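Work through the exercises below with the model open. Try each task before reading its solution.

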Amino acid sequence: MSTRTEPWIPLHAVESTAPAAADRKLWWNGYVVISSLALALALVTASECHSITHIPSLLYGLALWGWWACIAGALWKIGERVPLMSSLTPMTASTHVLAASALGVLHLFLLGSAGFSVAGWQAKASALSVWTSQFGINRFGMELLMYGFVFGLTGVIQLQIRAQREAMRSLELQRQLSAAHLRALQMQLEPHFLFNTLNAITTLVELGRQKAAAEMLGHLNALLKSALARTTPEKVPLSQELEFVGNYLAIEQVRFADRLRVEMNVDPSAVDGLVPSFLLQPIVENAIRHGIARCEHNGLVEASAIRDGDELHLRVRDTGTGMMYAQQNGHGIGLSNTRERLDHFYHDSYRMQAQPLSTGGFEVAITIPYECQGV
């Protein structure tokens with residue numbers, strides 16, 4: 001049982017840290033990709049016009065694709081704060097059309113200015129004709145289409161990034177909620193057992209059985225050390241779980257003296273298998289509380305663990321009345337928590353049966369996949 005507490009962080013504080021470092025790196029990678037692509041296209045355009053060493057051709061290529069790199073970078077920046085696709089309304093669409101038209105005119109002026117780098121342009125045309133050399137309906141239409149393409153591509157990519165980020169955040173929240181739920185189940189079991197043990201020790205002291213009380217305290221100390229080492233409700237080797245159950249049964253044997261007998265049958269090939277922590281202890285505790293404690297004569301608790309290929313079979317059986325325990329219908333704290341934890345770890349890959357025996361007593365049988373540590 002751990003007394004460690006985790007600091008509470010409000011949800012708005014978690015959201016205020018977004019985007020995280022990985023998200024910021026992802027957004028910056030967008031600028032790198034845009035710049036690299038624009039430079040590559042500029043060089044290809046210069047090569048097709050003349051060559052990449054021809055200054056007028058190189059300037060034209062840079063003016064053509066550098067402009068769109070700036071537009072894409074600006075849209076990428078805006079998209080960091082306001083999702084482009086989700087914020088598209090008739091009003092914003094009209095704004096984008098006007099912006100595309102104005103930017104298209106400016107871009108055509110910029111492309112025409114590349115003509116001033118050609119030697120002897122004064123002898124061939126006037127300054128106005130050089131500036132407007134790229135103007136035309138078809139070319140202006142291409143500017144509008146290019147703006148739409150850049151806008152759409154940027155918006156779709158950012159939409160995918162946001163969807164993946166939200167999916168990862170959702171998975172992380174689900175993991176945290178599952179861990180918190182399992183921890184709550186574990187905390188229901190540990191105090192329940194601890195209070196019972198302390199009450200038993202108090203009873204022994206009141207009866208003058210100090211030696212038995214000291215022996216029980218020794219086993220309780222071993223149990224608490226083992227529980228403190230388990231700070232999270234994770235899986236542990238079966239050998240560790242059996243050691244914990246052994247200390248618990250030693251406590252109960254002190255309490256019940258000759259009224260309780262214990263038999264453990266463990267397959268050596270099963271001890272390395274992983275099981276959810278504190279899986280067997282509540283089942284054994286129920287067997288004693290609802291079975292052995294109600295017996296007027298000697299009672300027996302049998303526990304077994306057998307590996308059968310890819311499956312691990314666990315069984316706890318007692319020789320109690322059976323019917324009194326059956327009235328619990330498997331919904332006591334111990335068994336209901338056990339079912340919930342098994343469902344969390346194994347979903348549909350486990351079987352659990354809790355039923356009275358025709359010969360008297362009660363049996364809990366669990367079958368889970370065999371998992372070995374480190375595999």
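The exercises that follow treat a predicted model.

**Exercise 1. Take stock of the chain.**
Task: State how many helices and strands the chain has, and what share of its residues is buried.

Solution:
- Start with secondary structure: there are 12 helices and 7 strands.
- Turn to burial: of the 375 residues, 37% are buried.
- Then check the contacts. Among those between residues at least 6 apart in sequence, 74% join residues at least 24 apart.
- Finish with the surface: about 21,100 Å² is accessible, and carbon and sulfur atoms hold 62% of that.

**Exercise 2. Lay out the sheet.**
Task: Give the strand order of the open sheet and explain why one side of S2 and of S6 has no neighbour there.

Solution:
- Write the order: S2-S4-S5-S7-S6, five strands with mixed pairing.
- Look at the edges. S2 (260-266) and S6 (351-356) each have a single partner strand, so one side of each stays without a neighbour in the sheet.
- Add the twist: neighbouring strands are turned by 10 degrees against each other on average, direction ignored.
- Zoom in on one edge. S6 runs antiparallel to S7 (residues 362-369), and 6 bridges join them.
- Find a facing pair: Arg351 stands opposite Thr367 in S7.

**Exercise 3. Place the helices on the sheet.**
Task: Find which strands H9 and H10 lie across, and decide whether H10 is mostly covered or uncovered.

Solution:
- Take H9 (residues 238-256). This helix lies across S2, S4 (299-308) and S5 (311-318), and runs at about 165 degrees to S2.
- Take H10 (residues 281-290). This helix lies across S2, S4, S5 and S7, at about 20 degrees to S5.
- Count the burial of H10: 9 of its 10 residues are buried, so the helix is mostly covered.
- Name some of them: the buried residues include Ile283, Val284, Glu285 and His290.

**Exercise 4. Classify the aromatic pairs.**
Task: The structure holds 2 aromatic pairs. Assign a geometry to each.

Solution:
- Begin with Phe109 and Phe135. Their ring centres are 4.9 Å apart and their planes stand at 65 degrees; angles over 60 count as edge-to-face, so this pair is edge-to-face.
- Locate both rings. Phe109 is in H4 (residues 90-113) and Phe135 in the loop between H6 (127-131) and H7 (137-206), so the pair ties together parts 26 residues apart in sequence.
- Check accessibility: Phe109 is partly exposed at 33%, and Phe135 is partly exposed at 35%.
- Now take Phe345 and Tyr346. Their centres are 6.3 Å apart and their planes at 55 degrees, so the pair is tilted.
- Tyr346 is buried, at 4% relative accessible area.

How values were computed
Residues numbered from 1 in each chain as written. Predicted model: local features only at pLDDT ≥ 70, side-chain atom pairs only at ≥ 80, totals over all residues. Heavy atoms only, no water. Helix = DSSP H or I, 4+ residues; strand = E, 2+ residues; numbered from the N terminus. Buried < 20%, exposed > 50% of the residue type's maximum accessible area, 1.4 Å probe, protein only. Contact = heavy atoms within 4.5 Å. Areas by Shrake-Rupley, 256 points an atom, 1.4 Å probe, with all protein chains shown as cover. Pairing = 2+ DSSP bridges. Axes fitted to C-alpha atoms, helices over the stretch in contact; angles between N-to-C directions. Phe/Tyr/Trp six-rings, centres within 6.5 Å; stacked < 30°, edge-to-face > 60°.
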